[in-house]
Amino acid sequence: MHFARFDRIRLAHLPTPLEPMNRLSDALNGPRLWIKRDDCTGMSTGGNKTRKLEFLMGEALAQKADVVITQGATQSNHVRQTAAFCARLGLECHAILEDRTQSKDPDYRMNGNVLLDALHGATVEHVPADTDMVAACETAAAELRSKGKTPYIIPGGGSNPVGALGYANCALELVNQANEMGLKISRLIHATGSAGTQAGLVTGLRALNSGIPLLGIGVRAPKEKQEANVFALAQKTAEKLGCPGIVSREDVVANTDYVGEGYGIPNAGTVEAIEMFARYEGILLDPVYSGKGAAGLIDLVRKNAFDAAENIVFLHTGGSAGLFGYRATFEEPRLVTLAA
């Protein structure tokens, strides 16, 4: 995979660390747990979207764009990182935020990622739940063109074949790290939502013939829909990389048992996972993506889904800024029972 042939703006702090989680492994009495720290990518508190945005913003600049339009839920990590890239590159950013959870909590509506969007200088348009977000972006683009602007539209999550290149490249980075460390990775697990991270990873892992199974823990869509979305995007990503057909339908696996009441609504497992990572490893997860992904990981370990000798890597997709939009969720301490 030769990524230098694609337009790219290198702003991420790479490679991100690959670290053991010894205390969490011991507390769960399970396999050896590791973490790939994509919360450390560097742009506006980091997160997985930074890898995607390196390629997306590279394409935007190649197309002479002067304003970027993107969209997401109110507490979107993707929008926050896009706004940061625009600030760094001197582009305008117009963000369309969908009221997906319909929360009235002022922290959710004004703090966390929303606060950072404003600090980075993005203009923000709020729309109700179930808005056609693709159409909303096209409408905004048409208006900007009428004013002489050259807009570039980035889909929600940065999840298209250009953005997915960032995670095909991450697969290469991870395999190289594991090889240097002598680490045999038994399985890679992460939170999956808009499909770009999982599609990029599965494409990269298959193209490298890595033999590493990938499991996405869903945060929104039902299993069939999530897997179909990922597979469709993986096929397009493979074509862009010049290896069409490398990903089979069987390579795409999502577990959607941990969605709970819906997108952006943390459940008891999410809260427990966030507190366990914070108190055992000093690592901050988020309530929307990485918290639910980690909840799935913890539950699967408890269900003995993995052999004790396996090395399980959890890809941390970032998003800790979102915690500040969920203060009420953590107001009453729920103390984790720490091992003696």
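Here is a walk through one annotated lysine and the enclosed spaces of this predicted model.

Let's start at Lys-49. An unreviewed UniProt entry lists Lys-49 under "modified residue: N6-(pyridoxal phosphate)lysine". In the model, Lys-49 sits in helix H2, which covers residues 49–62. Is Lys-49 buried or exposed? Its relative accessibility is 8%, so Lys-49 counts as buried, the cut-off being under 20%. Leaving aside residues up to four places away in sequence, Lys-49 touches Asn-77, His-78, Gln-81, Gly-157 and Ser-194.

Now for the empty space. The count comes to two cavities of 30 Å³ or more, and the largest has a volume of about 130 Å³. Lys-49 turns up again here: of the 14 lining residues, those closest to the centre are Asn-48, Lys-49, Ala-191, Thr-197 and Tyr-289. Which elements build that wall? H2, strand S7 (187–192) and helix H8 (196–207) each supply at least two lining residues, with H8 giving the largest share, three residues. By class, the lining of the largest cavity has nine polar, three nonpolar and two charged residues. Domain 1 (18–47 + 160–329) and domain 2 (48–154) each bring at least three residues to this lining.

The second largest cavity holds about 30 Å³ of space. Its lining includes Ala-73, Gln-75, Thr-101, Tyr-263 and Tyr-326. Tyr-289 is also one of its lining residues, having already appeared among those closest to the centre of the largest cavity. Six nonpolar and four polar residues make up this second lining, with no charged ones. Here too, domain 1 and domain 2 each contribute at least three residues.

Definitions and conventions: Residues numbered from 1 in each chain as written. Predicted model: local features only at pLDDT ≥ 70, side-chain atom pairs only at ≥ 80, totals over all residues. Heavy atoms only, no water. UniProt positions renumbered as here; feature names shortened; annotations may be inferred. Helix = DSSP H or I, 4+ residues; strand = E, 2+ residues; numbered from the N terminus. Buried < 20%, exposed > 50% of the residue type's maximum accessible area, 1.4 Å probe, protein only. Contact = heavy atoms within 4.5 Å. 1 Å grid on protein atoms, 1.4 Å probe; cavity = no way out; pocket = protein on both sides within 12 Å on 5 of 7 lines; lining within 4 Å. Points joined across faces, edges and corners; volume = space filled by probe spheres on them. Nonpolar A, V, L, I, M, F, W, Y, C, P; charged D, E, K, R; others polar. Domains from an automatic or database assignment.
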